[in-house]
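Reader: I would like a close look at a single part of this model. Please take one helix and its surroundings, and keep the account plain.

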Amino acid sequence: MKTLKVLSALLSYPTEELLAARGELIEVIEREGVLPGSERAAVKRLIDGLADGDLMDLQERYILLFDRTRALSLHLFEHVHGESRDRGQAMVDLIKVYEDGGYTPTVTELPDFLPLFLEYAATRSPAEAVELIGQPAHVFAALRERLRKRSSPYEAVFAALAKLSKVKPDAAMIARLLAEPDPEPDDLEALDAAWAEEEVLFGPGAAAEDCGKDTLSAKLRQARRPAPGLEPVPGAGPRTQITHSGVSPRTGA
C-alpha cells in the first residue's frame, strides 16, 4: 500500500527532498485512492504546506512537536514501555523480525520509529497492512487528539491512519494515554517533569479494566525493503507476532 509510504515520508524530518516530492506524493495518494475524500484532502493540504513552507521553519516545528514533547513521541514503544527495560527487549525483538524478513531498517533510527513502522507496513499486502496499523490504533488516536488541540496539520496523517485501519480503538486505553502530561514545548520545567514520569503500562502488567492482555501487538510479517520511489515489494513469509512479552513466530499465510 503505497499510501502508507507517503504517510511515512510526511512524518519524517523535513528535508529538501521531501519538499520537492510534492507532485509524486500527491500522485500516489490520488492514484491509489484508498483514502476517503476528506482525509485525502487533508493529507494533500499537509503536503502542499510542507512544499510551500520555509525548510528551517518546518524543521523547527517538527522538532518542537515530535522531539521535545514526550506525549507526541513518534516512537511507538515510548507510549507502551516508557523508559523501562522492557522497551529495550522489545527493540531487540523488533530488529530481529525486520532482519529475519530481509528488511534492513536505517541505522539512524530506532526500530519503533513510526515512519519506519509505516514503511514496513507499506511493503505488505493491503489486507496485512490494514491489520498491522490497526494494532496501535489507540496510540494513533491519542496522537491525533493532541495534534488537533494544537491545530497542527500533522493531524491529517493520523486521521488517515484511523480510516485505513478500520479499527475502533479502545476508549479506556486512549483515555489513559491522554491523561499523561502534555506540556507545551516551550515549558521546559513541565517537559522535564513529563519525561521523568513513570512509563505507561499496557498488557499483562496493567489493570485489566484498562487494557487487557496483549492489547497492543504489532503483527509484523516478513518483507523486503522497498526500492526508492515508492515501489511495492512482492513477497511474503511466515507470520510473526510481536507482543509485550516478546516475539513469537506463527506459521501460515
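In which hand of crossing does H1 pass H4? Please also describe what lies around that part.

Author: H1 passes H4 in a left-handed crossing. The model is a predicted one, and what follows is computed from its atoms.

The setting comes first. The protein chain has 12 helices and 3 strands. Of its 253 residues, 50% are buried. Among contacts between residues at least 6 apart in sequence, 69% join residues at least 24 apart. The chain exposes about 11900 Å², and carbon and sulfur atoms supply 52% of that area.

Now the pair you asked about. H4 covers residues 37-52, and H1 packs with H4 at an angle of about 45 degrees, the two axes being 11 Å apart. H1 is therefore oblique to H4, since an angle of that kind falls outside the ranges for roughly parallel (under 35 degrees), roughly perpendicular (65 to 115) and roughly antiparallel (over 145). On the H1 side the contact is made by Val6, Leu7 and Leu10. On the H4 side the residues are Val43, Leu46, Ile47 and Leu50. By class, this contact has 7 nonpolar residues, with no polar and no charged ones.

H1 (residues 2-10) also packs with H10. Here the axes come within 10 Å and cross at roughly 155 degrees. The two helices are therefore roughly antiparallel to each other, because the term applies to angles over 145 degrees. The crossing of H1 with H10 is left-handed. From H1, the contact uses Thr3, Leu4, Leu7 and Leu10; from H10, it uses Val157, Ala160, Leu161 and Leu164. These residues divide into 7 nonpolar, 1 polar and no charged. Leu7 and Leu10 of H1 are named in the contact with H4 and again in the contact with H10.

The loop that leads into H10 brings H4 back into the picture. Pro153 lies in this loop, between H9 and H10. Its C-alpha atom is separated by 8.3 Å from that of Val43, although the two residues are 110 apart along the chain. Val43 is one of the H4 residues in contact with H1. Leaving aside neighbours within four places in sequence, Pro153 is in contact with Leu46 and Arg61, and Leu46 likewise belongs to the contact between H1 and H4. Pro153 has a relative accessibility of 35% and so counts as partly exposed.

Ser151 is found in that loop too, between H9 (137-149) and H10 (155-165). Its phi is near 55 degrees, a positive value in a residue other than glycine. Most residues other than glycine have a negative phi. Ser151 is exposed, with a relative accessible area of 66%, the cut-off for that class being over 50%.

On the other side of H10, Lys166 has its place in the loop between H10 and H11 (171-178). Lys166 is not a glycine, yet it has a positive phi of about 60 degrees. With a relative accessible area of 73%, Lys166 is exposed.

To return to your question, H1 has a left-handed crossing with H4 and also a left-handed crossing with H10, the first pair being oblique and the second roughly antiparallel.

Notes
Residues are numbered from 1 along each chain as its sequence is written. This is a predicted model: local features need pLDDT of at least 70, side-chain atom pairs count only at pLDDT 80 or more; totals for chains, interfaces and linings use all residues. Side-chain values use heavy atoms; hydrogens and water are left out. Helices (H or I, at least four residues) and strands (E, at least two) are DSSP runs, numbered from the N terminus. Buried means under 20% relative accessible area, exposed over 50%, partly exposed in between (1.4 Å probe, protein chains only). Axes are lines fitted to C-alpha atoms, for helices over the stretch in contact, and angles run from 0 to 180 degrees between N-to-C directions. A crossing is left-handed if the near helix is turned anticlockwise from the far one by less than a right angle, and right-handed if clockwise. Contact means heavy atoms within 4.5 Å. Ala, Val, Leu, Ile, Met, Phe, Trp, Tyr, Cys and Pro count as nonpolar, Asp, Glu, Lys and Arg as charged, and the others, Gly among them, as polar. Accessible areas come from the Shrake-Rupley method with a 1.4 Å probe; for residues, only the protein chains shown count as cover.
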